[in-house]
Amino acid sequence: MSENFDVNSMRSWSKNCCVIRKLLATPTTAGDGEVVLLDIIERIVDFLKSYDKDEDTTPQEESDIDVKELLGIIADKFGITERQALIFCTCMGAGARRISMDLLAYSLGINTIRVLTLDKDLQELLSRRLLRKVNARDENELYIPAAVVKALKNNEVYVMPRWQGLNCVQFFETMNACFAELNDEVVSVEELTGDIEGLLNDNRQVDFASKVQSLHLDARDKLLLLFFCNRIVNFDDSRILFNEIEGLYTSRSSFFRNKELLRNGKHPLCQLGLIEFECDNGMVDTSLLRLTDEAKTNLLAELGLKPKKPVMNDVMKADTLKQKEMFYTAGNQRQVDELTDFFDHDKYCQIRERMQKRGFRCGFACLFYGSPGMGKTETVYQLARQTGRDIMVVDVPKIKSKWVGDSEKNIKALFDRYRKLAAASEVAPILLFNEADAIINTRRSNAESAVDKMENTIQNIILQEMEQLDGIMIATTNLEGNFDPAFERRFLYKIRFEKPDAAVRAKIWQMMVPELTEEDACSLAARYDFSGGQIENIARKNTINSILYGNFEQLLSVLSGYCENERLSGPAHRRIGF
């Protein structure tokens, strides 16, 4: 046999050395005593090279016995069988080169069919890390790891390390190294699963390991959970695409099954509240997964990893709301004053505590309804400003999605975000559904189409969330008749915003257009039954025109003209704009 193996020039051997056959088939007793392991391996490798596979020659019986004893020593030292020792020494003979199954068969003097019978022996050597695969997905090429060679140089038996007695930081460093090996395709998923399980079992003193084991997950779900935890701890990245977790599964069918469970929220990690979809300003992104804040808080407490305070672009801060004088009918004024007292932080806390003691729900839902321009939305802003409450505004068009199931997930995510915002705020914020009839409406009976079923599901989710609400929700609408009757009970406060009477309209005119005399303001209020919003429109138009053309001497006449244009009813007044 030549000194340098040439895989391309290998031939099929018709005869094999009887000694090799015997060693592969019959175990022997190992010897004892201090030995130099590399010397023994070298003698075994030299023996394998000493006979000519082309000739039907057999080494002397003394050599046969000597090799059996040498293999027995290696087997005893490493705790493996003689067959496995022979395979190991053969691979050592390849040096730093990779050894394929064909080359292994050639070196042992057996055909490629016979080498397949060594699979269990190879798996044992792989499990002990005495051999490693060049590529975890390719069974064909093997090599001797550098750690094994280093141990042999020191005349030591390589023992696969057990990661014991680690602190939390060391634990996650080791876990990251394990996942890196999978990423580099050094280990298979099965090997990684075994490594991770051993890491968890041998480090119960780490709170994270203990908590993960207490979840009683199966090995594959546990591996997925640790993948998420590793990403956020070692890479500060909580968002994970589906294709990034495909490598954690042994087959595409297994991956697709789990992907479907994750998308439907039926995966064990979803049901345990450990994994959820990425949510950006209340909109669910079903292409991205992340570790939940609850999982970060509960599992990663040792690292002091706290959920970042969400950045919510749809939250109006109380201190940014501008003060605006509001005018109401006497009845509406009483109701708004009552809500202002109720929203006062100290009184709100007292009321909430009393409600809890009596077993009542602690969520407070309010409905502001009435014709357009009555000040419903502005009243919410002023209530928030006066009581120091931020407002989380629901963007209804973004909630609705053309994709099946996404609208429902968006609604659920919306209330989840409100809960997180409320938990992170000293003063409970207001959840505002402006123009709520666009999303809160009547449920369809005998729904058959996909759209009707989606609408019914949305209504049911909102009803359930309102039932469980712990905070303040305000809905405004011009079309209260579109609401399902089930919503009526869930609104604790219902305020119908009425059109202002002539006296209130005169005050609004004077406030919006200070140049008006009291007499002219009363005249306009008496002639035009406008809402506050309509009067504001006219005042804005007057301001624009005064900038463009200067102040008008006959202000009452000019304003009257604007009022006529503001009307849309009647054949003579069907105009829009200037």
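Colleague: Between which two helices does the loop holding Asn 155 lie?
Modeller: This is a predicted model. Asn 155 is a loop residue. The flanking helices are α7 (146-153) and α8 (168-183).

Colleague: What is the phi of Asn 155, positive or negative?
Modeller: Asn 155 is not a glycine. Its phi is nevertheless positive, at about 55°.

Colleague: Is Asn 155 buried, partly exposed or exposed?
Modeller: Asn 155 has a relative accessible area of 32%. Buried needs under 20% and exposed needs over 50%. Asn 155 is therefore in the class between, partly exposed.

Colleague: Where does Glu 435 lie, and what is its phi?
Modeller: Glu 435 lies in the loop between β10 (430-433) and α20 (450-468). Glu 435 is not a glycine either. Its phi is positive, about 50°.

Colleague: Which exposure class does Glu 435 fall in?
Modeller: The relative accessibility of Glu 435 is 37%. Buried stops under 20% and exposed starts over 50%. So Glu 435 counts as partly exposed.

Colleague: Which residues form a nonpolar patch on the surface, and what is their accessible area together?
Modeller: The patch consists of Ile 544, Leu 548 and Tyr 549. Ile 544 lies in helix α24 (residues 532-549). Ile 544 is partly exposed, at 44% relative accessible area. A patch residue needs over 30%, so Ile 544 passes that cut-off. Together the three patch residues have about 360 Å².

Colleague: Which elements have the lowest and the highest mean pLDDT?
Modeller: The protein chain averages a pLDDT of 81, and 84% of the residues score at least 70. The lowest element mean is 48, for helix α1 (residues 18-25). The highest is 94, for helix α17 (residues 376-387).

Colleague: How many contacts beyond four places in sequence does the model have for residues 1-18?
Modeller: Throughout residues 1-18 the pLDDT stays under 50. Residues 52-62 are also below 50, with 16 contacts beyond near neighbours in sequence. For residues 1-18 the count is 30.

Colleague: What share of the contacts between residues at least 6 apart joins residues at least 24 apart?
Modeller: The protein chain has 25 helices and 12 strands. Of its 578 residues, 46% are buried. Among those contacts, the share joining residues at least 24 apart is 69%.

Colleague: How much of the accessible surface belongs to carbon and sulfur atoms?
Modeller: The accessible surface of the protein chain comes to about 29,900 Å². The part belonging to carbon and sulfur atoms is 49%.

Methods:
Residues numbered from 1 in each chain as written. Predicted model: local features only at pLDDT ≥ 70, side-chain atom pairs only at ≥ 80, totals over all residues. Heavy atoms only, no water. Helix = DSSP H or I, 4+ residues; strand = E, 2+ residues; numbered from the N terminus. Buried < 20%, exposed > 50% of the residue type's maximum accessible area, 1.4 Å probe, protein only. pLDDT = per-residue confidence, 0-100. Contact = heavy atoms within 4.5 Å. Patch = residues over 30% accessible without salt bridge, like charges linked within 9 Å, V, L, I, M, F, W, Y side chains within 5 Å. Areas by Shrake-Rupley, 256 points an atom, 1.4 Å probe, with all protein chains shown as cover. Salt bridge = Lys/Arg side-chain N within 4 Å of Asp/Glu carboxyl O.
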